[in-house]
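This report describes the side-chain contacts and surface character of one protein chain. The sequence and the model are shown first, and the description follows.

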Amino acid sequence: MNKKYQNGFFIFGLLVLIIMVTQLDFQEVWAGVCHAGYWFANVLVLWAILYVFNTATWYIIINSIGNEEGVCRKCKVGFWWLYKITISAFALNYATPGGLMGGEPYRIMALSPKVGTERASASVILFVMTHIYSHFWLWLLAVPLYVLTEKVTALSWFILPTMTVICITVIWFFIRGYKRGIAVTGMNILSHCDGHNRL
């Protein structure tokens with residue numbers, strides 16, 4: 001990444017940190033940490049492991065892009081360097097309004113000098129797609145778990161089937177998108193709908 005951009009992100013991060021720190025009630029924070037007890041350390045360890053999985057996913061995606069042509073393009077970045085970028089990117093997303101506003105451009109700019117802008121952009125887009133895709137699988141698998149473990153009300157009988165249909169539809173769209181390309185799949189669906197509307 002260009003030194004100018006690195007300095008810009010550093011200054012932005014420092015300003016956000018200063019604003020956040022000035023809004024904190026340190027007595028309340030300390031009381032919360034004490035109340036959490038050993039669970040606080042467990043949560044930190046759990047998130048550290050989760051970021052390892054996120055980094056591994058992104059690392060695999062980077063290494064797979066371009067290899068379908070039969071040319072081996074081994075990743076020029078170290079796993080732990082990528083781990084650091086992953087944590088920084090998620091931190092930027094949490095700090096910026098709406099999420100996905102700072103972390104993803106940061107990933108691309110950090111990775112571009114090592115693997116090229118095109119490959120960096122493609123890897124970040126595929127990582128985000130995979131991240132969203134996994135959420136819909138999680139919600140879909142939560143439906144039978146909810147039915148088995150919780151009392152199902154009349155409202156639940158409406159929400160759960162609706163959620164199931166939405167999740168299955170989105171998962172189907174992603175599977176088609178992975179095989180044919182998201183843009184192509186989206187355009188085909190839109191043109192199909194447009195054809196029906198004209199009829």
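R107 lies over the face of F90, at 5.2 Å from the ring centre. The model discussed here is a predicted one. R107 also lies over the face of W58, where the distance to the ring centre is 4.7 Å.

The charge of R107 has a partner in E104: the two residues form a salt bridge in which the closest N and O atoms are 3.1 Å apart. The structure holds 1 salt bridge. Both partners belong to helix α5, which spans residues 103-115, and they stand 3 residues apart, about one turn of the helix. R107 and E104 are both buried. R107 therefore counts as a residue with under 20% relative accessible area.

**Fold and burial**

The secondary structure amounts to 8 helices and 0 strands. Along the sequence the pattern reads α-α-α-α-α-α-α-α. The chain has 199 residues, of which 25% count as buried.

**Aromatic pairs**

A pair of aromatic rings is described by the distance of the centres and the angle of the planes. Across the whole structure, a search finds 11 aromatic pairs. One of them joins F79 and W80 in an edge-to-face arrangement, with 5.1 Å from centre to centre and 90 degrees between the planes. F79 is partly exposed at 22% relative accessibility, and W80 is exposed at 58%.

F136 and W139 form another edge-to-face pair, because their planes stand at 80 degrees, with the ring centres 5.0 Å apart. These two residues are 3 residues apart in helix α6 (residues 117-149), so about one helical turn separates them. F136 is buried, with a relative accessibility of 16%, whereas W139 is partly exposed at 37%.

Ring pairs also build a cluster, which links Y59, F79, W80 and Y83. F79 and W80 thus appear both as an edge-to-face pair and as members of this cluster.

**Nonpolar surface patch**

On the surface, V43, V45, L46, W47, I49, L50, F53 and Y94 make a nonpolar patch of about 800 Å². Helix α3 (residues 38-64) gives the largest share of this patch, 7 residues. V43 is placed in helix α3 and is partly exposed, with a relative accessible area of 41%. Patch members need over 30% relative accessible area, so the value for V43 is in keeping with its place in the patch.

**Cysteines**

How many disulfides does a search of the whole structure find? The search finds 0 disulfides. C34 is partly exposed, with a relative accessible area of 47%. C167, in contrast, is buried at 2% relative accessibility.

**Accessibility of selected residues**

The table gathers the accessibility values of residues discussed above.

| Residue | Relative accessible area | Class |
|---|---|---|
| F79 | 22% | partly exposed |
| W80 | 58% | exposed |
| F136 | 16% | buried |
| W139 | 37% | partly exposed |
| V43 | 41% | partly exposed |
| C34 | 47% | partly exposed |
| C167 | 2% | buried |

In the table, W80 counts as exposed because its 58% lies over the 50% cut-off. F136 counts as buried because its 16% is under 20%. F79 has 22%, which lies between those two limits, and is therefore partly exposed.

Methods. Residues numbered from 1 in each chain as written. Predicted model: local features only at pLDDT ≥ 70, side-chain atom pairs only at ≥ 80, totals over all residues. Heavy atoms only, no water. Phe/Tyr/Trp six-rings, centres within 6.5 Å; stacked < 30°, edge-to-face > 60°. Buried < 20%, exposed > 50% of the residue type's maximum accessible area, 1.4 Å probe, protein only. Helix = DSSP H or I, 4+ residues; strand = E, 2+ residues; numbered from the N terminus. Lys NZ or Arg CZ within 6 Å of the ring centre and 35° of its normal. Patch = residues over 30% accessible without salt bridge, like charges linked within 9 Å, V, L, I, M, F, W, Y side chains within 5 Å. Areas by Shrake-Rupley, 256 points an atom, 1.4 Å probe, with all protein chains shown as cover. Salt bridge = Lys/Arg side-chain N within 4 Å of Asp/Glu carboxyl O. Disulfide = S-S within 2.5 Å.
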